[in-house]
Amino acid sequence: MVIAPTRGWPALRLDEISAYRELLYFLVWRDVKVRYKQTALGVAWAVLQPLLTVFVFTVFFNRVGGITVKGVPYVLFSLSGMIPWLFFANGVTIASASVVTNVNLVTKVYFPRLVIPIASVLSNLPDVAIGLGLLLVVMAAYGTAPAVAILAVPLILVLVFASALAVSLWLSALSVEFRDVRYVVPLLVQLWLLASPVAYSISKIGGTWKTVLALNPMTGSLGLFRWAMLGLNAPPASTIAVSCAVTIVTLVGGAYYFRAMERKFADIA
C-alpha cells in the first residue's frame, strides 16, 4: 500500500472502510465498554434516560400544556419518539468530538478517518436495543400490540443512523479546527429536539411550519418509527421524500468535507 497526500477534489474511498472493518468493530466495542465502565447504574442509564424524559414531557406537555395524541396514550407516543431521537442525539454528541478524542490514533497511524465518527454513532446501538425492549414492555402494559410494520424498524434505524452520521461528519471535522464547536453541540441538540416532533405530533401543525419541519431529517424518521411500532398513520410521502433528500445531501456533503479536512487533522489536532 502506498500512502500519499491527496490533492484537489478528495475521493471518498469507501472501499477502505470495508478493508478496515475489524478496526471499526474494535472502536465500537471500545466505545461501548468505556461508556459503561465505572458507572454506578451501568446499562440502567439506557432505561432511565428515556423514562425520565418521557416523564417530564408527560407532565409539562401533556398535563400542563394540554397536548394530546389521537389513538394512542401520550406516554407511548412520546416514548416511541425518544428511542430514535436518543440514537440520533447521542450519536451526534459523541461523534462530533470523536476525532479530537482519538487524536493519538490520528497523529500516529494511518487508517481511513471516516471510521472514527462511524464507530462513535454505531456505539449507541446497544442503547437502541434496550430502548426498543423498554418500549415493547410499556406497550404491553398499555395493552398495545406492535404492528406488522415493526419489521421495517431496522430500515428506519438505518435512516436515523444516516442522519446522525451526516451531521457528525460536519461537526467532527469542524471541531478539529475550531475547538469551541464542542460548546455549541449541546445547545444545537437541545434546539433540534424542540424542532423535532418528539413531544408533539406534526399533524397539529399546518401551513408553512409543516413544510419547514419536513426539512428536518428526523421528522420523517420519527413518523415512520411510530408507524412501525404503534400502527399510527405514516407521514405524507412528500415529508418522507424531503427528509430523505436532506439526509442524503447532508451525508454526501459531510463525507466530502470530512475527506477534504482530514489531510490537515494530524497537523492541527
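Modeller: One definition first: a residue is buried under 20% relative accessible area, exposed over 50%, and partly exposed in between. Keep in mind too that this is a predicted model.

Colleague: Okay, let's try that out. Why is Arg-30 called partly exposed?

Modeller: Its relative accessible area is 30%. That value falls between the 20% and 50% cut-offs, so partly exposed is the right label.

Colleague: And what makes Asp-31 count as buried?

Modeller: Asp-31 has a relative accessible area of 15%. Buried means under 20%, so Asp-31 qualifies.

Colleague: How do you know that Asp-31 and Arg-30 form a salt bridge?

Modeller: Check the gap: the closest N and O atoms of Asp-31 and Arg-30 are 3.0 Å apart. A salt bridge needs a side-chain nitrogen of Lys or Arg within 4 Å of a carboxyl oxygen of Asp or Glu, so this pair passes. In general, side chains of opposite charge can pair when their charged atoms come close.

Colleague: How many salt bridges does the structure hold?

Modeller: Six. One of them joins Glu-16 and Arg-259, with the closest N and O atoms 3.9 Å apart.

Colleague: What makes that Glu-16 and Arg-259 pair a tie between distant parts of the sequence?

Modeller: Look at where the partners sit: Glu-16 is in helix α1 (residues 15-19), while Arg-259 is in helix α13 (residues 237-262). Those parts are 243 residues apart in sequence, so the bridge ties them together.

Colleague: Are Glu-16 and Arg-259 buried or exposed?

Modeller: Both Glu-16 and Arg-259 are buried.

Colleague: What about Asp-127 and Arg-35: why is that pair called a salt bridge?

Modeller: The N to O distance between Asp-127 and Arg-35 is 3.4 Å. The limit is 4 Å, so the pair counts. Asp-127 lies in helix α8 (residues 125-141) and Arg-35 in helix α2 (residues 21-36), so this bridge ties together parts 92 residues apart in sequence.

Colleague: How do you know which label goes to Asp-127?

Modeller: The relative accessible area of Asp-127 is 16%, and under 20% means buried, so Asp-127 is buried. Its partner Arg-35 is at 23%, which puts Arg-35 in the partly exposed range.

Colleague: Which residues are joined into one network by salt bridges that share partners?

Modeller: Arg-13, Glu-16, Arg-259 and Glu-262. Arg-13 sits in the segment before α1. It has a phi near 50°, a positive value in a residue other than glycine.

Colleague: Why is Arg-13 called partly exposed?

Modeller: Because its relative accessible area is 27%, and that lies between 20% and 50%.

Colleague: What makes Thr-101 an exposed residue?

Modeller: Thr-101 reaches 61% relative accessible area. Exposed means over 50%, so Thr-101 gets that label. You'll find Thr-101 in helix α5 (residues 98-101). Its C-alpha is 9.7 Å from that of Val-176, although the two are 75 residues apart in sequence.

Colleague: How do you know that Arg-226 is buried?

Modeller: Arg-226 is at 5% relative accessibility, and the cut-off is under 20%, so buried it is. Arg-226 belongs to helix α12 (residues 217-230). Leaving aside residues up to four places away in sequence, Arg-226 touches several others, including Phe-77, Pro-197 and Tyr-200.

Colleague: And Ile-94, why is that one partly exposed?

Modeller: The relative accessible area of Ile-94 is 33%, so it falls between the two cut-offs. Ile-94 lies in helix α4 (residues 74-95) and, not counting residues up to four places away in sequence, touches Arg-35, Ser-120 and Asn-124.

Colleague: Now the whole thing. How many helices and strands does the protein have?

Modeller: There are 14 helices and zero strands.

Colleague: What makes the protein as compact as a globular protein of that length?

Modeller: Its radius of gyration is 19 Å, close to the 18 Å that the globule rule gives for 269 residues, so the description fits.

Colleague: What percentage of the residues count as buried?

Modeller: Of the 269 residues, 46% are buried. As for contacts between residues at least 6 apart in sequence, 82% join residues at least 24 apart.

Notes
Residues numbered from 1 in each chain as written. Predicted model: local features only at pLDDT ≥ 70, side-chain atom pairs only at ≥ 80, totals over all residues. Heavy atoms only, no water. Helix = DSSP H or I, 4+ residues; strand = E, 2+ residues; numbered from the N terminus. Rg over C-alpha atoms; globule rule 2.2 N^0.38 Å. Buried < 20%, exposed > 50% of the residue type's maximum accessible area, 1.4 Å probe, protein only. Contact = heavy atoms within 4.5 Å.
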